Amino acid sequence: MGEIIALGIAVILLIVGFVFGSIGQSQHYRSIKIREFRLRRILLFNEKMPPAQYAGQEFTLVCGSVIMGCDYFRQMIAGLKGLFGGRLGSFEAMLDRGRREAILRMKEDAERMGANAIFNVRLETSTLSFSQQGNRKGDKGLACAELMAYGTAWRAPADADANHPQGR
Amino acid sequence: MGYDASGIKLSNIEYFPGYAITQHLGLVQGSTVRAKHVGRDFMASLKNIVGGELKGYTELLDESRQEAVDRMVAQARAVGANAVINVRFSTANIAAGAAELLAYGTAVVLEKRG
């Protein structure tokens, strides 16, 4: 009897994970696309030196970070896939969403200070072993990763269009 | 989230057109080790059934990183700098449920040219 209940719970969790995970993912991607379009005028560079046009302009450190998790169903699929090797689509999607979200948060930060470019953008990923302590399920930890983006935002030069860095 | 550095300029680049670095004051750093409380941890494991962002952890790390930056800025102010350049962040797992957030950079005196 106990096994049936345990199995039933696992199946329910899988179904809940699949349904809500899919809805959440497509909603998130929709919001990412809208915001990426809105913030497209803020340019990102990972070179260190801002061009001379930015001389004397205000600058500041901007940062965006997000911790993304992967739903129960996709974790299980990834676990099975791991037996055979190859692409793990579930984790690819998780990291892609997280990284784009982190970049968007960094850009929103830059927008608030009126910047039009971010230089020396760095992307970092770290896994956090938050899981083991609070996890009641035993050895399996949470599949989650922190995605972080940071850089130095520079306010647009007075004559921004003429000196647009893209037009160099 | 922009960092509130109260008067000290922060940047992760080291060359600033239109500014001159008049004094280098050495490395400054700030770090903090944080753990989250069990309630948050439990909520996060529930949230992870459906995937997506784990807001509790994001907030926790944001707060911790701000604290690391605060400590770095306090050091910079103590040595008389007005900017910290070439800021780097790093994260390390200390134990299950605890993470160290580290921020470090070079304290300088930065002046606007001309």
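In what order do the five strands of the open sheet that includes β3(B) come? In this predicted model, the order is β1(A)-β3(A)-β4(A)-β2(A)-β3(B), and the pairing is mixed. One strand of this sheet, then, comes from chain B, sitting at the end of the row next to β2(A). At the edges stand β1 of chain A (43–44) and β3 of chain B (52–53); each has a single partner strand, so one side of each is left without a neighbour in the sheet.

The chain A edge is worth a look. Here β1(A) pairs with β3(A), a strand that covers residues 115–127, in the parallel sense and over two bridges. A:L43 has A:A117 as its bridge partner in β3(A). Lying across this sheet is helix α3 of chain A, residues 89–112. The helix spans β1, β2 (59–69), β3 and β4 (144–155) of chain A together with β3 of chain B, and runs at about 150° to β2(A).

Now to chain B. Its make-up is two helices and five strands, and reading from the N terminus they follow the pattern β-β-α-β-α-β-β. Of the 114 residues in this chain, 46% are buried. The chain exposes about 5000 Å², with carbon and sulfur atoms supplying 55% of that area. Contacts tend to bridge long stretches of sequence: among those in chain B between residues at least 6 apart, 77% join residues at least 24 apart.

Chain B also has an open sheet of four strands, in the order β1-β4-β5-β2, again with mixed pairing. Its edge strands are β1 (9–10) and β2, each of which pairs on one side only. Helix α2 of chain B (residues 55–78) packs on this sheet and touches β1, β2, β4 and β5; the direction of the helix makes about 140° with that of β2(B).

Within that sheet, β5(B) (residues 98–112) is joined to β2(B) (residues 19–35) by 14 bridges, and the two run antiparallel. B:V28, for instance, has B:G105 in β5(B) as its bridge partner. On its other side β5(B) pairs with β4(B), which covers residues 83–95; this pairing is also antiparallel and counts 10 bridges. Here B:F89 is partnered with B:A103 of β5(B).

What about the aromatic rings? Over all chains there are 10 aromatic pairs. One of them joins A:F18 and A:F73, whose ring centres are 4.7 Å apart and whose planes meet at 65°, so the pair is edge-to-face. This pair links distant parts of the chain: A:F18 belongs to helix α1 of chain A (residues 2–38) and A:F73 to helix α2 of chain A (residues 72–84), 55 residues apart. A:F18 is partly exposed, with a relative accessible area of 39%, and A:F73 also counts as partly exposed, at 23%.

Aromatic residues of both chains come together in one cluster, formed by A:F45, A:Y54, A:F59, A:F119, A:W154, B:F16 and B:Y19. A:F59 has a further partner across the chains, as B:K9 lies over the face of its ring, at 4.5 Å from the ring centre. In chain A, the charged end of A:R40 sits over the ring of A:F37, 4.0 Å from its centre.

Technical notes. Residues are numbered from 1 along each chain as its sequence is written. Chains are lettered from A and ligands numbered from 1 in the order in which they are written. This is a predicted model: local features need pLDDT of at least 70, side-chain atom pairs count only at pLDDT 80 or more; totals for chains, interfaces and linings use all residues. Side-chain values use heavy atoms; hydrogens and water are left out. Two strands pair if DSSP finds at least two bridges between them. Rings of Phe, Tyr and Trp (its six-membered ring) pair if their centres lie within 6.5 Å; planes under 30 degrees apart count as stacked, over 60 as edge-to-face and the rest as tilted. Buried means under 20% relative accessible area, exposed over 50%, partly exposed in between (1.4 Å probe, protein chains only). A charge sits over a ring if NZ of Lys or CZ of Arg is within 6 Å of the ring centre and within 35 degrees of the ring normal. Contact means heavy atoms within 4.5 Å. Axes are lines fitted to C-alpha atoms, for helices over the stretch in contact, and angles run from 0 to 180 degrees between N-to-C directions. Accessible areas come from the Shrake-Rupley method with a 1.4 Å probe; for residues, only the protein chains shown count as cover.
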